[in-house]
Amino acid sequence: MALVSITQARLAFGLHALLDGADFSIEPGERLALIGRNGCGKSTLLRVIAGEEDLDDGLVVRDSGVRIARLAQEPDFGTATRVFEAVAAGLAGETERLAEYERLSAALASAHDTHPLLERLHELQEELEQTGAWSLRSRVERVIDRLGLDPRAQLATLSGGNRKRVALARSLAGEPDLLLLDEPTNHLDLSSIAWLEELLIAHTGALIVVTHDRRFLDRVATRVVELDRGRLLSYPGNFAAYQRRKAEQLALEQTVAEKFDKTLALEEVWIRQGVEARRTRNQGRVLRLEALRRKRAERRERSGRVQLDLAVGDRSGKLVAELTDVSKAFGPRPLVRDFSTTIVRGDKIGLIGDNGVGKTTLLRLILGELEPDSGKVRLGVGLQVAYFDQMRSALDDDATLAETISPGSEWIEIGERRQHVISYLGDFLFPPERARAPVRSLSGGERNRLLLARLFARPANVLVLDEPTNDLDIDTLELLEELLQDYTGTLFLVTHDREFLDSVVTQTIVAEGDGRWVEYAGGYDDWLSQSGAAERAAQKSAAPAPPARPTLRRAAEPAGSARATRLSWREQRELEALPERIALLEAEQKQLHARLADPQFYQGGAATNDDVRQANARSGEIEEQLLACLTRWEELEARSG
């Protein structure tokens, strides 16, 4: 029997219905991915499933006794101050007494007069024994230990990633039959995401996850449900299978819509002929036209795509930054140790490392915003730097969208193009009526879209993007990839999205521990293969009892996974371009051979000795390039097949 089923659900906030006659169900053990555009109602649907929000119309049926836990995008721990209290709040029953017992136990170490504390602890112990609540305490401790947390740690001192772990522990403590996860990978580093993947794959209950992380969905999901124009569409399999089926469905939908519009246009021409249309024998055709008009009016078009355009600004110098034996420490802990690199215009660099290893510190050293303890930093000339901040500190909640984009003016300049701010916001899918709305009214994904709009409205030849993918829908994410691939300036990218790294960056700088940073060519998968991290991760997966807090090396996927053979977006583009590249090389080789075989080339002073040497040298280069292209083509074809 389904854990939760929804029939003919209708729910609206504003012009369009978030749910418009939607049907949905989830069976025990299913791992379901819920996807859709920003603002389409995914988080609202999770609240409906959890019983936290009611439908305008429709029926929600939950299996008798089903336990449901929801992990929100931004966890709220209420009055809890310590990890144990926050996790215990996920349990029904004697959680208040358990939390008080934990607080008093922690206070004993620093108390001057322990007698009243010991008396109260004794009372609590008896009460907990009588109600059988000690089993709840052991369950909380077991979950906390499983997630690698300190039960006595203060919540206020935790990083965003560890706060997300605490919220997940609270959800798991109640041993739910259905776990609802809203953007669980936000604020997690790569190793934590890999750890979360393994945790969810091993989870015996059902789960629904909302996330933009395509690699995560490929590994975790057994079914994809898309919320599209108020309907819930189901696709069996992982995200890669969904993409294939969705492309086929959209092509069919477009064909049907074009045929419908053509029929409607013909009928509109007929009705305008006048008298003939009003004769009795044609009344049926008139009624049919009216029905066609109603159907066309009711059709909800698929949401438009974000129009991304980036002003590169003035061209910087060839050199962006040169670091020589740079070191930086805060207290006894070194964050950067003897690091050297040269960054030139056009480099697209991804920074990989666990939370807290010093990615921001290294970026500030590279950009000259922080003085090193030792070593030398040399900056290039003409640098125009623009920042994307994952904490969205650049956004003022009380400002309107228009003021955020262009304060004090209704026009913005993008390169040589002048555009009205209302039109520019429309390119990022903000309708005109929302241009004067305050920033505080936006969802998480809409805030990220607004921050991108603000960033791209300012010319820059150096982009620093800190977790730009958080909360973005997948369509916008893929468009951002394309924009950054064509960006001619210099890019520094910090992201936990492995697919995004593989598609965008040309090199990675990776934290190897103890302040040591190493530079690798290519993206995330290239780093794994060059550093041997994949092999070490596979060996670790065979070890009995891995540590609760994984190191970055565990971020690699197991050898033999589906990802090991699937081409990245960048590799697919490379494969598609190789035949044309080979054809051009062969054409040039043919012309060169004909030239070298022509006696006229050597007679009458037509060619000098240098010309002949250069032609022969170029012929050798073409042979080497052809061999490399053919080898690469064979390799990519084998992997894609």
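**View 1. The largest nonpolar core and its best-connected members.** In this predicted model, the largest nonpolar core has 54 residues. Val 83, Val 166 and Leu 168 are the ones that touch the most other members. If you're wondering who chips in the most, look at helix α6, which spans residues 160–173 and gives this core six residues. In general, nonpolar side chains tend to be buried together in soluble globular proteins.

**View 2. Val 83 and the residues around it.** Which residues does Val 83 touch, leaving aside those up to four places away in sequence? Leucines come up several times: Leu 149, Leu 155 and Leu 158 are among them. Val 83 also touches Ile 144, Asp 150, Pro 151 and Ala 153. Val 166 is on the list as well, and you've already met Val 166 as one of the residues touching the most other core members.

**View 3. A second core, separate from the largest one.** Here's another nonpolar core, this time with 46 residues, and it is separate from the largest. Its members include Leu 190, Ala 435, Leu 465 and Trp 527.

**View 4. An open sheet of six strands.** Follow the strands across and you get the order β14-β17-β18-β12-β19-β20. The pairing is mixed. At the edges sit β14 (385–388) and β20 (516–521), and each of these pairs on one side only. Neighbouring strands are turned by 20° against each other on average, direction ignored.

**View 5. Strands β12 and β18, side by side.** How do β12 and β18 run relative to each other, parallel or antiparallel? They run parallel, with four bridges joining β12 (residues 348–352) to β18 (residues 490–494). For one partnership to look for, find Leu 351: its bridge partner in β18 is Val 494. As a general reminder, strands of a sheet pair through backbone hydrogen bonds.

**View 6. Ser 503, tucked into helix α16.** You'll find Ser 503 in helix α16, which covers residues 498–504. Is Ser 503 buried or exposed? Ser 503 counts as buried because its relative accessible area is 1%, and the cut-off for buried is under 20%. The side chain of Ser 503 reaches the backbone oxygen of Glu 499 at 3.0 Å.

**View 7. Zooming out to the whole chain.** The protein chain has 20 helices and 20 strands. Of its 641 residues, 48% are buried. The accessible surface comes to about 31,200 Å², with 50% of that belonging to carbon and sulfur atoms. Among contacts with a separation of 6 or more, 69% are between residues 24 or more positions apart.

How values were computed
Residues numbered from 1 in each chain as written. Predicted model: local features only at pLDDT ≥ 70, side-chain atom pairs only at ≥ 80, totals over all residues. Heavy atoms only, no water. Pairing = 2+ DSSP bridges. Helix = DSSP H or I, 4+ residues; strand = E, 2+ residues; numbered from the N terminus. Axes fitted to C-alpha atoms, helices over the stretch in contact; angles between N-to-C directions. Buried < 20%, exposed > 50% of the residue type's maximum accessible area, 1.4 Å probe, protein only. Contact = heavy atoms within 4.5 Å. Areas by Shrake-Rupley, 256 points an atom, 1.4 Å probe, with all protein chains shown as cover. Polar contact = N/O pair within 3.5 Å; in protein donor to acceptor, adjacent residues only side chain to side chain. Core = buried A, V, L, I, M, F, W, Y, C linked by side-chain atoms within 4.5 Å.
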